[in-house]
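Walk me through the aromatic contacts in this structure, then through one helix and its acidic residues. Keep it brisk.

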Amino acid sequence: MRKFLSDSVINIKPSGIRKFFDIVSEMKDAISLGVGEPDFDTPWHIREEGIYALERGKTFYTSNAGLKDLRIEISNYLKRRFELNYNPDNEILVTVGGSEAIDIGLRAVINPGDEVIIPQPSYVSYEPCAILAGAKPVIIDLKAENEFRLTSDELLTAITDKTKVLILPYPNNPTGAIMEREDLEKIAKIVKEKDILVMSDEIYSELTYKGKHVSIAELDGMKERTILINGFSKSYAMTGWRLGYACAPKELIQQMTKIHQFAIMCAPTTSQYAAVEALRFGDDDVAKMRQAYNQRRRFLMDAFNKMGLSCFEPYGAFYVFPCIKEFGMTSEEFATKFLQEEKVALVPGTAFGDCGEGFLRISYAYSLENLKVAIGRLERFISRLRSDR
């Protein structure tokens, strides 16, 4: 059978996130802080609209690009929240989650041998999707002392004459890092000078706790060279609905739609009707969930401070990325030992790139009650490690 399999697929490592999730699912009394999935139910009025769509028999294919009403609401939302103007007729594509948008966006622009710059630590799908599109991934190791922001010097060093795309993963999974306007302005200047594309993954844009999220597409001259990725999973607690979208110049959306057309046909119809409701009437739901996440974020930062665990303060998404280098273990060893002894699952930082070594990702997309129990166990575990030295 091996001779029939693709070498590029075989050489891709499985996701490091799922390993610990699978173990904890079979462990009695275990707590998982490993999966980036909101613990909130999808707000009732959004679920109700999905149910109503089924009751009305709205079970047929939509257009390849997505429901026209949904694309109009996406356009309205981006204008209302971020002063972005996208034409719903030809600059917006509704996808099966943000992950599909990443995949087809790269496939639409990559020729064999093109380079894709990927700052890490970052979401696990970027590098495999780049490889499957035929690109060479060029990794930038982000640094804790820079709060895991991408600097202009780091970007300049990574660019070659083969660079086609920069992936900009902010607010960041797993670090919680954000890029502010002045950071993005420096990046945009280089992007324009070097004539490359940006894929800006803004799936956590609504979960920003310091000021307001800024999209690089807002900056002068950047909308026409940006593929903006967003969706409904994180901000509206709609992970299982599998719905995202991409916004880009019409020539690019046309090619992405072609791939989407042959591979997917269209995003789930029921989910699209629910998403129209989310965009029209869901701002208050997002605000309430963001407030709860921020409370949990502040609880974790205070707890880390009290136990003397080093962690820069993240201002986006729903993750913290504490440093465990003082204990002389790899991230994998620490996470495995902690799971075995205290029955709490965290994700090793190396699941998000080699430069994540010495860090752990802790998701606070869980109840404050669960977080308190888990952090109590972490404090006890760390105390034992320190006393044994």
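What follows starts with ring pairs and ends with two glutamates.

The model is predicted. It holds 17 aromatic pairs. One of them joins F148 and F321. Two values describe such a pair: the distance of the ring centres and the angle of the planes. For F148 and F321 the centres are 5.6 Å apart. The planes meet at 85°. That angle is over 60 degrees, so the pair counts as edge-to-face.

Where do F148 and F321 lie? F148 sits in the loop between β4 (136–141) and α7 (152–158). F321 sits in the loop between β9 (319–320) and α12 (331–342). The two parts are 173 residues apart in sequence, so the pair ties together distant positions along the chain. Both loop residues have little accessible area. F148 has a relative accessible area of 1% and is buried. F321 is also at 1% and counts as buried.

A second pair involves helix α12 itself. F338 and F381 form a tilted pair, 5.1 Å centre to centre, with 40° between the planes. F338 belongs to helix α12, and F381 to helix α13 (residues 368–387). They are 43 residues apart, and the pair links distant parts of the chain. Is this pair of rings buried or exposed? F338 is buried at 1% relative accessibility. F381 is buried at 1% as well.

Other rings group together or meet a charge. F40, Y204, Y293, F318 and Y319 are linked into a cluster by ring pairs. R56 lies over the face of Y273, 5.7 Å from the ring centre. K223 lies over the face of Y86, and here the distance to the ring centre is 4.7 Å.

Now return to helix α12. E342 is placed in this helix. Its relative accessibility is 5%; the cut-off for buried is under 20%, so E342 counts as buried. Which residues does E342 touch, leaving aside neighbours within four places in sequence? The contacts are R377, R380, F381 and R384. F381 is thus shared: it contacts E342 and pairs with F338.

E333 is in helix α12 too. E333 is partly exposed, at 43% relative accessible area. A polar atom of the E333 side chain lies 2.9 Å from the backbone nitrogen of T330. G98 is 235 residues from E333 along the chain, and their C-alpha atoms are separated by 31 Å.

Terms used. Residues are numbered from 1 along each chain as its sequence is written. This is a predicted model: local features need pLDDT of at least 70, side-chain atom pairs count only at pLDDT 80 or more; totals for chains, interfaces and linings use all residues. Side-chain values use heavy atoms; hydrogens and water are left out. Rings of Phe, Tyr and Trp (its six-membered ring) pair if their centres lie within 6.5 Å; planes under 30 degrees apart count as stacked, over 60 as edge-to-face and the rest as tilted. Helices (H or I, at least four residues) and strands (E, at least two) are DSSP runs, numbered from the N terminus. Buried means under 20% relative accessible area, exposed over 50%, partly exposed in between (1.4 Å probe, protein chains only). A charge sits over a ring if NZ of Lys or CZ of Arg is within 6 Å of the ring centre and within 35 degrees of the ring normal. Contact means heavy atoms within 4.5 Å. A polar contact is a pair of N or O atoms within 3.5 Å; within protein, one must be able to donate a hydrogen and the other to accept it, and residues adjacent in sequence count only if both atoms are side-chain atoms.
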